Amino acid sequence: MNPGATMKDEIIKSPDTQRPDRVPPGQHLVDGLPVLHFSRVPRVDLSQWRFTISGLVENPGVLTYEEFTALPRSRVFCDIHCVTTWSSLGHTWEGVLARDLRGAVKALAEARFVTVHCLDSYTTNLPLDEFFDDDVIFATHLNGKPIPPDHGWPVRLVVPKLYFWKSAKWASGVEFMKADKPGFWETRGYHNHGDPWTEERFG
Ligand SMILES: Nc1nc2c(c(=O)[nH]1)N[C@H]1C(S)=C(S)[C@@H](COP(=O)(O)O)O[C@H]1N2
Ligand SMILES: [Mo]
């Protein structure tokens with residue numbers, strides 16, 4: 001943890017973890033966390049890592065890893081649902097909440113959507129209001145340890161309420177947009193939104 005950062009005590013419990021049945025329709029439970037991505041695991045030198053805030057914002061800019069990890073830190077407890085039908089329950093992610101970027105970013109009134117950019121050229125899209133939901137986190141740690149490289153180190157977005165393809169690994173920035181721009185999987189047959197509880201699997 002960056003010595004300049006503050007850690008909030010409370011662990012945010014993703015609302016879906018409070019459901020009596022935590023497994024959405026058409027899903028089955030697995031132990032551990034499978035690894036899935038379309039390309040290779042990027043190699044990252046933390047001294048070169050940058051997080052870019054761009055698009056319809058008052059304060060576009062670039063954060064170094066030190067600056068990013070000096071933002072207030074939080075923990076989110078959530079379940080994971082992959083569209084390929086596996087679910088994995090009860091993970092704790094630690095990092096910077098999307099909503100804690102809000103003050104730094106100052107999205108303009110016309111911004112309605114975000115695109116998250118990644119080091120492997122992957123992208124995914126979210127409505128702005130869902131991006132700023134309480135449990136959306138740019139995580140650096142998973143279950144108390146730095147996220148393993150194949151799960152997204154050094155920084156990975158986690159969007160607990162949507163299928164896991166929305167949880168962009170190796171995140172390198174966020175772009176605020178007026179119009180929605182479907183991302184990597186959203187332009188290859190996956191649903192534009194991806195709610196696991198209503199099985200928004202395919203477009
Ligand atoms: N940058 C990046 N993020 C990504 C992907 C990817 O290929 N590249 N794949 C997505 C998909 S389809 C899934 S199911 C999850 C898998 O995450 P995991 O390997 O940590 O289980 O990452 C998502 N985030
Ligand atoms: Mo996936």
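A polar contact is a pair of N or O atoms within 3.5 Å, and the close-up views below, all taken from a predicted model, make repeated use of that cut-off.

**View 1. Backbone and side-chain atoms of the protein approach the oxygen atoms of ligand 1**. A backbone N or O atom of P34 lies 2.6 Å from an oxygen atom of ligand 1, and a backbone N or O atom of F38 is found 3.0 Å from an oxygen atom of this ligand. From K169 the approach is made by the side chain, one of whose polar atoms lies 2.6 Å from an oxygen atom of ligand 1. The protein covers 98% of the 530 Å² of accessible area that ligand 1 has on its own.

**View 2. Ligand 1 is shown in its pocket together with the surrounding shell of residues**. The pocket in which ligand 1 sits is the largest pocket. Around the ligand there are 20 residues, of which P34, D120, H151, R156 and K169 come nearest. When the shell is divided by residue type, 13 of its residues are nonpolar, three are polar and four are charged.

**View 3. S87 in strand β6 makes a side-chain contact with Q27**. Strand β6 spans residues 86-97 and includes S87. With a relative accessibility of 0%, S87 counts as buried, because buried means under 20% relative accessible area. The side chain of S87 is joined to the side chain of Q27 by a polar contact of 3.1 Å.

**View 4. S88, also placed in strand β6, has polar partners in G32 and H91**. The relative accessible area of S88 is 2%, and this residue is therefore classed as buried. Its side chain reaches the backbone oxygen of G32 at 2.8 Å, while a polar contact of 2.8 Å joins the side chains of S88 and H91.

**View 5. T69 lies in helix α1 and is viewed together with P146**. Helix α1 is made up of residues 65-69, and T69 belongs to it. T69 has a relative accessible area of 6% and so counts as buried. Although T69 and P146 stand 77 residues apart along the chain, their C-alpha atoms are separated by 12 Å.

**View 6. A cis peptide bond joins W153 and P154**. The omega angle of this bond is about 10°. P154 has its place in the loop between strand β10, residues 145-146, and strand β11, residues 156-158.

**View 7. T85 is a residue other than glycine with a positive phi**. The phi angle of T85 is about 95°, and the residue lies in the loop between strand β5, residues 73-81, and strand β6. Its relative accessibility of 26% is neither under 20% nor over 50%, which means that T85 counts as partly exposed.

**View 8. S121 likewise has a positive phi without being a glycine**. Phi of S121 is near 80°, and the place of this serine is in the loop between strand β7, residues 113-118, and strand β8, residues 123-127. Because the relative accessible area of S121 is 56%, and exposed means over 50%, the residue is classed as exposed.

Notes. Residues are numbered from 1 along each chain as its sequence is written. Chains are lettered from A and ligands numbered from 1 in the order in which they are written. This is a predicted model: local features need pLDDT of at least 70, side-chain atom pairs count only at pLDDT 80 or more; totals for chains, interfaces and linings use all residues. Side-chain values use heavy atoms; hydrogens and water are left out. A residue is near a molecule or strand if one of its heavy atoms lies within 4 Å of it. A polar contact is a pair of N or O atoms within 3.5 Å; within protein, one must be able to donate a hydrogen and the other to accept it, and residues adjacent in sequence count only if both atoms are side-chain atoms. Accessible areas come from the Shrake-Rupley method with a 1.4 Å probe; for residues, only the protein chains shown count as cover. On a 1 Å grid over the protein atoms alone, a cavity is a set of points where a 1.4 Å probe fits but cannot get out, and a pocket is an open set with protein on both sides within 12 Å along at least five of seven lines; lining residues have an atom within 4 Å of a point. A molecule sits in a cavity or pocket if more than half of its atoms lie within 2 Å of its grid points. Ala, Val, Leu, Ile, Met, Phe, Trp, Tyr, Cys and Pro count as nonpolar, Asp, Glu, Lys and Arg as charged, and the others, Gly among them, as polar. Helices (H or I, at least four residues) and strands (E, at least two) are DSSP runs, numbered from the N terminus. Buried means under 20% relative accessible area, exposed over 50%, partly exposed in between (1.4 Å probe, protein chains only).
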